[in-house]
Amino acid sequence: MTTLDNLRFSSRQLGRTGPTVTSPALGGMSLSGAYGAVDDEEGVRVIHAYLDAGGTLIDTGDFYGAGHNEMLIARALRERNRDDVVLSVKFGALLTPVGLPAGFDGRPEAVKSALTYSLQRLGTDHVDIYRPARLDPQVPIEETVGAVKEMVEAGYVRHVGLSEVGADTIRRAAAVTPISDLQVEYSLLSREIETNGILEACDELGIGITAYSVLGRGLIGGSGTVGGSLGRMPRFQGDNLDHNRALVESLQQIADEKGVTLAQLAIAWVAARGEHIVPVIGSRRVSQVESMAGANSVTIDEADLARIDAAVPAGSVRGDRYPTQFMDQIDTER
C-alpha cells in the first residue's frame, strides 16, 4: 500500500518568469463546500499531507467559501515555513448570499482592495501568484493586470497570473507585465485549449498552464454521485451523463494494464501534454493526496497517448462544462 512516506512530487517551472512549483498542485475549492459538506479538521490534514509529501503549490480563490478557504489555508500554514509554500490566489468573482456568482470586478481599486482582504485572511505579507478569476467585460485587461503589476512592485505579489481568458486577452495582458501562468480547465474531457489558440499563445509567450478540473469534477475516478452544484452542469444531466460515464469507462483497461487508478491515468495524461503544464487537483481526503502524488510515477508514452485519444477523442464529451448563463461570461468560450 502506498503512503506519503514514499511518495514525492515532481518540479516544474510556471513559464519563463514564474516560480518553480510541484506537480500536481493542490486545489483548495473542494475543501470549502464546493462539492458537498466539508470537515475543517480533515481539510487541515489534507493540506499538511500535501506539504509533508513535498508539495508546494496551493491554489485558492478569495471567493471559495466566501473567504473560508483562505482562512483554512492560513490555519494549516500557521506553524509552517511560509517560504516553502507557493500561494496562488484568484480574485474578482462577485457572490450572492447563496454563493452563486454575480459577475466579476476587475477595476484597479477592486484589485487592491481584494488583495488587502486576502493578505489578512491568509495571514501573510505577500501572495505568490495573483490572478483575476475571470475577465471583467467592463474593464480592459490592461487595467486589471496593471493594478496587479503595481502590487508586484510594492512587494505584496510575486507573480501575475491569468484565468480562463482567450488568446487575444493573454497577449494583451502579457504586453503589460510578465505572466507566469494561465489557469484554465484542461482534461481528457475538456480539450478546447488545443484548438482555440490558447496553447499556442502560451507557448509563444512563455506562459505556463495550471490545469484545473483534471478529473472532470469527479467524472473520472470519482464516486459517481451527482449532487449539489454538479447537478446544474450539463455534463452531469440525463443522457449526457450516461454518455460521459461510458467514455471514461473505456479508459479502465489502460489504467488496469498500468496498475494505476483512472484518476492517476488522467492526471498523468495532462502532465504529459507539456513540461509547462501543472495539473491542479482538488483533494478532499488524505487518501486522495496519496493518489495524486502517485500519479507522478505513471509513465505515458506515445503509444499510450494514441490509445487514450482513441478511447476518448477530443470533443467526444457531451454537454457544456458550465450552465449556459455562465459559459457566456467566460472569455475562453467567446
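A residue counts as buried when its relative accessible area is under 20%, and as exposed when that area is over 50%. By this standard F63 and Y64 are both buried. The structure described here is a predicted model.

**Aromatic pairs**

A pair of aromatic rings is described by the distance of the centres and the angle of the planes. The count of aromatic pairs in this model is four. Two of them are set out below.

| Pair | Centre to centre | Angle between planes | Arrangement |
|---|---|---|---|
| F63 and Y64 | 5.1 Å | 80° | edge-to-face |
| Y186 and W269 | 5.6 Å | 50° | tilted |

The pair of Y186 and W269 links distant parts of the chain, with the two positions 83 residues apart. Y186 belongs to the loop between β10 and α6, whereas W269 is part of helix α9, residues 262-271. Y186 has a relative accessible area of 1%, so this residue is buried. W269 is buried as well, because its relative accessible area is 0%.

An aromatic ring also takes part in a contact with a charged side chain. R217 lies over the face of Y322, at 4.7 Å from the ring centre.

**Strand β11 and its neighbours**

Strand β11 covers residues 208-212, and five of the five are buried, so the strand is largely enclosed by the rest of the structure. The covering applies to both faces: G208, T210 and Y212 are buried on one side, and I209 and A211 are buried on the other.

Strand β10, residues 179-185, runs parallel to β11 and is joined to it by five bridges. Within this pairing, E185 stands opposite Y212 of β11. Between the two strands the chain passes through helix α6, residues 198-205, and the resulting β-α-β crossover is right-handed.

β11 also pairs with strand β12, residues 277-281, again in the parallel sense, here over three bridges. The bridge partner of I209 in β12 is I277.

**Empty space**

Rolling a probe the size of a water molecule over the atoms shows where empty space is left. How many cavities of 30 Å³ or more are there? The count is one. The largest cavity holds about 40 Å³ of space. Its lining consists of E185, L189, G216, R217, L219, M233, R235, F236 and R321. Two of these names have come up before: E185 is the residue opposite Y212, and R217 is the residue over the face of Y322.

The second largest pocket contains about 210 Å³ of space. It is lined by 13 residues, and those closest to its centre are D62, G92, A93, L94 and A114. Which elements each supply at least two residues of this lining? They are β6, residues 93-95, and α3, residues 108-122. The largest contribution comes from α3, with four residues.

**A buried loop residue**

I300 is found in the loop between α10, residues 286-294, and α11, residues 302-311. Is I300 buried or exposed? The relative accessible area of I300 is 16%, so I300 is buried, given that the limit for a buried residue is under 20%. In sequence I300 and R273 are 27 residues apart, and their C-alpha atoms are 9.7 Å apart in space.

Key: Residues numbered from 1 in each chain as written. Predicted model: local features only at pLDDT ≥ 70, side-chain atom pairs only at ≥ 80, totals over all residues. Heavy atoms only, no water. Buried < 20%, exposed > 50% of the residue type's maximum accessible area, 1.4 Å probe, protein only. Pairing = 2+ DSSP bridges. Right-handed = clockwise from strand over helix to strand, strands pointing away. Phe/Tyr/Trp six-rings, centres within 6.5 Å; stacked < 30°, edge-to-face > 60°. Lys NZ or Arg CZ within 6 Å of the ring centre and 35° of its normal. 1 Å grid on protein atoms, 1.4 Å probe; cavity = no way out; pocket = protein on both sides within 12 Å on 5 of 7 lines; lining within 4 Å. Points joined across faces, edges and corners; volume = space filled by probe spheres on them.
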